[in-house]
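Let's take a walk through this structure together, beginning with the space inside and moving on to the helices and the openings.

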Amino acid sequence: MGPIKHKALLNVDLGEGYGNLNCGPDEELLPLIDIANVACGFHSGDPLIMASTVRLCKAHNVKIGAHPGLPDLQGFGRREMKLSPEELTAITVYQVGALRGFLDMEGLQLNHVKPHGVLYGMMCRDFEVAAAVMKGIPKGVPVFGLAGTNMEKAAQDIGIEFWAEMYGDVKYNADGMLVIDRIKKPWKLEDVEKHVEQQLTTESVTAVDGSNVHLPVKDHPISICCHSDSPGCVGIIQTTRAVCDKFNKEHGWS
């Protein structure tokens, strides 16, 4: 194990309000991040929010990816559902296509696709689910996922470029899988700093049981993910940004 071989980019889930309800302080976060995962209407987000989020990202030169989730607004896409492979492919095509419409209006390209919440976790555990979602991703568009899981295997089998994700505000189980909370819990900023720094410099993470878990990112491009609905998200993302900037500077990546 050793340091990551690529520049560390920071991605955050944005546009996760609905109607008159806001989720996170998107405008405050945009100057801090490199990449946005924009909700596409199934777990959160709506047409007006998608349109405004795309415009805000464009103004801040933030790359935009689609963030498709399960059709579960009330559960915020963090409750497991049983869908057929055909349904999983179709809901991915539907949501990605919706976001691409707003990107087209602004003359922007779709940077990537990153599945949301429990759908992400289901893809990590179940190859059939992962493959079904991957089949809904447009040709030539990368997918962000958890290395060493069925997400990576399905991407490789189908021929989709894979970006390995690490997390600033999510804990890991001893098997390397993510601990997906329906409602995000607060973090101490010193713990965020240690959590991100360990992942970047050692390709490992301390799991919730105290064990050390290897993160097999290989030579994939990488991105660190944080969430706009985490309590204290501004401080979490500022801290993660500082760790990423320090890492990038030490390795000669501006």
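The lining of the largest cavity is a mixed bag: six nonpolar, four polar and four charged residues. This is a predicted model, and it holds one cavity of 30 Å³ or more. The space inside that largest cavity comes to about 120 Å³. If you want to find the cavity on screen, look for Gly117, Tyr167, Ile180, Lys184 and His227, which are the closest to its centre among the 14 residues that line it.

Now for the helices, with α5 as our guide. Helix α4 covers residues 117-125, and its axis lies 5 Å from that of α5, at an angle of about 120°. These two helices are therefore oblique to each other, and α4 passes α5 in a left-handed crossing. Which residues of α4 and α5 meet here? On the α4 side you'll find Leu119, Met122, Met123 and Arg125, while α5 brings Phe127, Val129, Ala130, Val133 and Met134. By class, this contact has eight nonpolar residues, one charged residue and no polar ones.

Stay with α5, which spans residues 127-134, and turn to helix α6, residues 150-158. Their axes come within 9 Å of each other and cross at roughly 50°. That angle makes α5 and α6 oblique to each other, because it falls outside the ranges that count as roughly parallel, antiparallel or perpendicular. The crossing of α5 with α6 is right-handed. From α5, the residues that make the contact are Phe127, Ala130, Ala131 and Met134. From α6 come Asn150, Met151, Lys153, Ala154, Ala155, Asp157 and Ile158. Sorted by class, the contact between α5 and α6 has eight nonpolar residues, one polar and two charged. You may recognise some names here: Phe127, Ala130 and Met134 of α5 touch α6, and these residues also meet α4.

There's another partner for α5, namely helix α3, residues 85-105. The axes of α3 and α5 are 7 Å apart, and the two helices pack at an angle of about 35°. Here the crossing is right-handed. Pro85, Leu88, Thr89 and Thr92 of α3 make the contact with Glu128, Val129, Ala132 and Val133 of α5. The contact of α3 with α5 is made up of five nonpolar, two polar and one charged residues. Val129 and Val133 face α3 in this contact, and they also appear in the contact with α4.

Finally, let's look at the pockets. What is the volume of the largest one? It comes to about 200 Å³. Of the 14 residues lining this pocket, Asn22, Gly24, Asp26, Ile49 and Thr53 are the closest to its centre. Two elements, α1 (26-29) and α2 (47-59), each give two or more residues to the lining. The largest share, four residues, comes from α2. In terms of class, the lining of the largest pocket has five nonpolar, six polar and three charged residues.

The second largest pocket has a volume of about 150 Å³. Its lining includes Glu16, Gly17, Tyr18, Leu21, Asn22 and Cys23, along with His43, Ser44, Leu73 and Phe76. Five of these lining residues are nonpolar, four are polar and one is charged. Asn22 is worth finding on screen: this residue lines the second largest pocket and is also among those closest to the centre of the largest pocket.

Definitions and conventions: Residues numbered from 1 in each chain as written. Predicted model: local features only at pLDDT ≥ 70, side-chain atom pairs only at ≥ 80, totals over all residues. Heavy atoms only, no water. 1 Å grid on protein atoms, 1.4 Å probe; cavity = no way out; pocket = protein on both sides within 12 Å on 5 of 7 lines; lining within 4 Å. Points joined across faces, edges and corners; volume = space filled by probe spheres on them. Nonpolar A, V, L, I, M, F, W, Y, C, P; charged D, E, K, R; others polar. Axes fitted to C-alpha atoms, helices over the stretch in contact; angles between N-to-C directions. Parallel < 35°, antiparallel > 145°, perpendicular 65-115°, else oblique. Left-handed = near helix turned anticlockwise from the far one by under 90°. Contact = heavy atoms within 4.5 Å.
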